[in-house]
Amino acid sequence: MTHTHTHMHSTHSSQVRDMTVGNPYKLMIGFALPIFLSDLFQQLYNTADALIVGRYLGTEALAAVTSSGALIFLMISFFAGASMGGGVVIARYFGANDAERVSKAIHTLLAFGIVSGIILTFAGVLFTPTILKWMQTAPEVFPKAVEYFRFYFIGGLSMVLYNICRSIMNALGNSRRPLYYLIFSSLLNVTLDLLFLAVFRWGVWSAAVATVISQMASVVLCMIYLFKKGNIFTVKLKKIRFHKALLKEIIRYGLPSGIQNSVIALANVVVQSQINSFGKLAMAAYGAHAKIEGFAFLPITSFNMACTTFISQNLGAKQYERTKKGARFCILSAVLLAELIGVCVFLLAPHFIGMFDKTPGVIALGVQQGRTVALFYFLLAFSHSIAAVCRGAGKAFVPMFVMLSVWCVIRIIYIVLVTQLIGRIELIYWAYPITWAISSVIYLIYYLRSDWVHGFEK
């Protein structure tokens, strides 16, 4: 088996990385690094977006753009989760050396992306005002927020397709390509931001337009690569359609991840609307802290993606011991890195928050939140790592169930009770460490007690 493996993939080593042979630690670090860098870039350019808007259009525009980060995350995260499920299917058949199924899975996933991207565009443009009202967006921020998000959702198709192309490349062990494309689109985004806002003095809508244009550019680059002849899994336009059996599998592994992502996002929307009730300063502080946490999250996300691909490919190749070894390494790396970052955030919180907003009230609230949660990042990393292991093993329902009950239901009940009964903002901040701790205990028991390694065979 291993012999044919090296044979089938060696001719295309530059395009595709087989993670079933070679040193698992080296492979995973080599795979996680480009993902980490591309996520870092993504964060940088989202932050640049916010910084440029804040600098040229003032606090209200900044609040409009950041106030509803949770809204964007809610809409996109569902499709991002679903495309991760598609990645698991591709990686599994790739590990099992089944070229035909890999090709069908890729074409099905692209068809799924086109349909869902069109739905997202219409839904986003149509329901933006309703959702923003429902999120208790401050009246003075409301018109600008509607303007920004409507333009943002016009790019719905390119958002979904970029996530899907990235999932396809990651599943085939190629995490470098998406990095190059992302760097290009990030630089383009910042350039357009400066041009539209600093030079042309256009409104907050133009920041959204800059994002849409640069995302389209990265999708075009991804497509050029995927359509290139001579790869094992070259995409052909006429083949892009739904293959029923594979669509079922993609939905089976993707839907739980999508629902899980949306549920976490939904819980965040509820938290955000409770925070919004504390006024403009609390909103700005929460938004700034969310950006910082975005950076803190990166090593966790990148190891998790590496982990999911590694586990799917190796279980596809039926290499069980190797799979377990990789899972242990992944969990340990993510937990240690997260805690290191947590300590940095704890110590440097005032400087980090101050980069986004110099208002003393905003800094005080942001630091309070940062120092409440930062030292508990290891719990967050642990929960996410086990979730990544489950997803890679085709057990996506487990993390969905845990996140749904703990990170959504328990978190929301806690927050609503605390706001109604005590009404102190620092108790809202504690919702995070408490729910991370509960989910980590549940995951630990599952990881040690269940037979997750044979996830695909049941």
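In the next few minutes I will go through a helix pair, the nonpolar core, one buried threonine and the salt bridges of this structure.

Please keep in mind throughout that what we are looking at is a predicted model.

Let me begin with the helix pair. Helix α9, which covers residues 244–276, and helix α14, which covers residues 397–421, have axes that come within 9 Å and cross at roughly 10 degrees. Angles under 35 degrees count as roughly parallel, and α9 and α14 are therefore described as roughly parallel to each other. If you follow the contact on the α9 side, you will meet residues including R252, P256, I259, V263, I264, A267 and V271, while α14 contributes, among others, F397, M400, M403, L404, W407, R411, I415 and T419. By class, the contact of α9 with α14 has 17 nonpolar, four polar and two charged residues.

I turn now to the interior. The largest nonpolar core has 133 residues, and the members that touch the most other members are I90, I106, I168, L172, I311 and Y377. Helix α10, residues 280–316, gives the most to this core, with 15 residues. To take one of those members in detail, I106 touches I90, I168, L172, F233 and V235, once residues up to four places away in sequence are not counted.

What about T323, in helix α11: buried or exposed? T323 lies in α11, residues 320–356, and T323 is buried, because its relative accessible area is 0%. Leaving aside neighbours within four places in sequence, T323 is in contact with F310, I311, N314, L315 and W452, and I311 is also one of the residues I named for the core.

Finally, the salt bridges, of which the count comes to six; I will describe three. E100 and K104 meet through their side chains at 3.3 Å, N to O, and, being four residues apart in helix α4, residues 99–134, they are separated by about one helical turn. Of these partners, E100 counts as exposed at 53% relative accessibility, whereas K104, at 30%, counts as partly exposed. R101 and D98 form another salt bridge, at 3.5 Å from N to O; R101 is partly exposed at 41% relative accessibility, and D98 is partly exposed at 22%. The remaining example joins E426 to R424, with the closest N and O atoms 2.8 Å apart; here E426 is partly exposed, with a relative accessible area of 21%, and R424 is partly exposed as well, at 46%.

How values were computed: Residues numbered from 1 in each chain as written. Predicted model: local features only at pLDDT ≥ 70, side-chain atom pairs only at ≥ 80, totals over all residues. Heavy atoms only, no water. Axes fitted to C-alpha atoms, helices over the stretch in contact; angles between N-to-C directions. Helix = DSSP H or I, 4+ residues; strand = E, 2+ residues; numbered from the N terminus. Parallel < 35°, antiparallel > 145°, perpendicular 65-115°, else oblique. Contact = heavy atoms within 4.5 Å. Nonpolar A, V, L, I, M, F, W, Y, C, P; charged D, E, K, R; others polar. Core = buried A, V, L, I, M, F, W, Y, C linked by side-chain atoms within 4.5 Å. Buried < 20%, exposed > 50% of the residue type's maximum accessible area, 1.4 Å probe, protein only. Salt bridge = Lys/Arg side-chain N within 4 Å of Asp/Glu carboxyl O.
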